[in-house]
Amino acid sequence: MRREAAEELGVAVGALEHVFDVFMSPGSVTERLSFFAAPCTPADRVSGGGGLAEDGEDIEVLELDVDEALAMVDDGRIADAKTIMLLQWAVLRGPFRS
């Protein structure tokens with residue numbers, strides 16, 4: 001997790017927390033995904049991120065306020081199930097819980 005966060009996001013993350021394991025499409029796909037969360041701040045930036053070119057990665061790193069990210073889910077700009085599930089966790093049980 002730490003290596004991927006550094007390669008793809010350009011951050012050295014803090015303590016990892018296992019959030020949940022899910023089947024993305026039970027009945028049609030047997031792949032089970034494990035989700036983790038970890039704190040990071042602007043001071044934890046170690047590179048620009050973006051992935052490894054030799055692995056064919058070209059990742060755009062986007063940093064959003066949680067309210068803006070939720071608005072993007074609402075209006076369809078964020079439509080990735082993994083991202084939506086982690087945002088939901090962050091608001092209901094994670095660092096943005098009221």
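# A walk from the surface patch to the core

Met 1, Leu 16 and Phe 36 form a nonpolar surface patch, together offering about 270 Å² of accessible area. A patch takes residues with over 30% relative accessible area and no salt bridge; nonpolar side chains (Val, Leu, Ile, Met, Phe, Trp, Tyr) are joined within 5 Å, like charges within 9 Å. Areas come from the Shrake-Rupley method with a 1.4 Å probe, and for residues only the protein chains shown count as cover. This is a predicted model: local features need pLDDT of at least 70, side-chain atom pairs count only at pLDDT 80 or more, and totals for chains, interfaces and linings use all residues. Residues are numbered from 1 along each chain as its sequence is written, and side-chain values use heavy atoms, with hydrogens and water left out.

Stay with Met 1 for a moment. Met 1 sits in the segment before helix 1 (2-9). Met 1 counts as exposed because its relative accessibility is 55%. The cut-offs are these: buried is under 20% relative accessible area, exposed is over 50%, and partly exposed is in between (1.4 Å probe, protein chains only).

Now the overall layout. The protein has 3 helices and 2 strands. From the N terminus on, the order is α-β-β-α-α. These elements are DSSP runs numbered from the N terminus: helices are H or I with at least four residues, strands are E with at least two. The C-alpha atoms fill a box of roughly 35 × 35 × 30 Å along the principal axes. The accessible surface comes to about 7,000 Å², and carbon and sulfur atoms hold 53% of that. Of the 98 residues, 21% are buried.

What makes up the largest nonpolar core? Its 8 residues are Val 19, Phe 20, Val 22, Leu 33, Phe 35, Ala 37, Trp 89 and Ala 90. Strand 1, strand 2 and helix 3 (81-92) each supply at least two of them. A nonpolar core is a set of buried Ala, Val, Leu, Ile, Met, Phe, Trp, Tyr and Cys residues joined through side-chain atoms within 4.5 Å. Another core, of 5 residues, lies apart from the largest one; Val 66, Ala 69, Ile 78 and Leu 87 are among its members.

Look closer at the largest core. Ala 37 touches Ala 15, Leu 16, Glu 17, Val 19 and Trp 89, leaving out residues up to four places away in sequence. Contact here means heavy atoms within 4.5 Å. Across the protein, 45% of the contacts with a separation of 6 or more join residues 24 or more positions apart.

The structure has 1 aromatic pair. Phe 20 and Phe 35 form it, in a tilted arrangement: 4.8 Å centre to centre, 45° between the planes. Phe 20 belongs to strand 1 (residues 17-23) and Phe 35 to strand 2 (residues 32-37), so the pair links parts of the chain 15 residues apart. Rings of Phe, Tyr and Trp (its six-membered ring) pair if their centres lie within 6.5 Å; planes under 30 degrees apart are stacked, over 60 edge-to-face, and the rest tilted. Phe 35 counts as buried because its relative accessibility is 5%.

Charge comes next. Side chains of opposite charge can pair when their charged atoms come close. The structure holds 6 salt bridges. Each is a side-chain nitrogen of Lys or Arg within 4 Å of a carboxyl oxygen of Asp or Glu. Arg 3, Glu 4 and Glu 7 are linked in a network of such bridges. Glu 4 pairs with Arg 3, with the closest N and O atoms 3.2 Å apart. Glu 7 also meets Arg 3, at 3.4 Å from N to O. Glu 7 and Arg 3 both lie in helix 1, 4 residues apart, about one turn of the helix. Arg 3 is exposed at 57% relative accessible area, whereas Glu 4 is partly exposed at 29%.

Where do Glu 63 and Arg 45 lie? Both are in the loop between strand 2 and helix 2, so their pairing ties together parts 18 residues apart in sequence. Their salt bridge spans 2.4 Å, N to O. Glu 63 is exposed at 60% relative accessibility; Arg 45 is partly exposed at 34%.

Finish with Ala 43, in the loop between strand 2 and helix 2 (66-74). Ala 43 counts as exposed because its relative accessibility is 70%. Ala 43 and Ala 12 are 31 residues apart in sequence and 9.2 Å apart in space, C-alpha to C-alpha.
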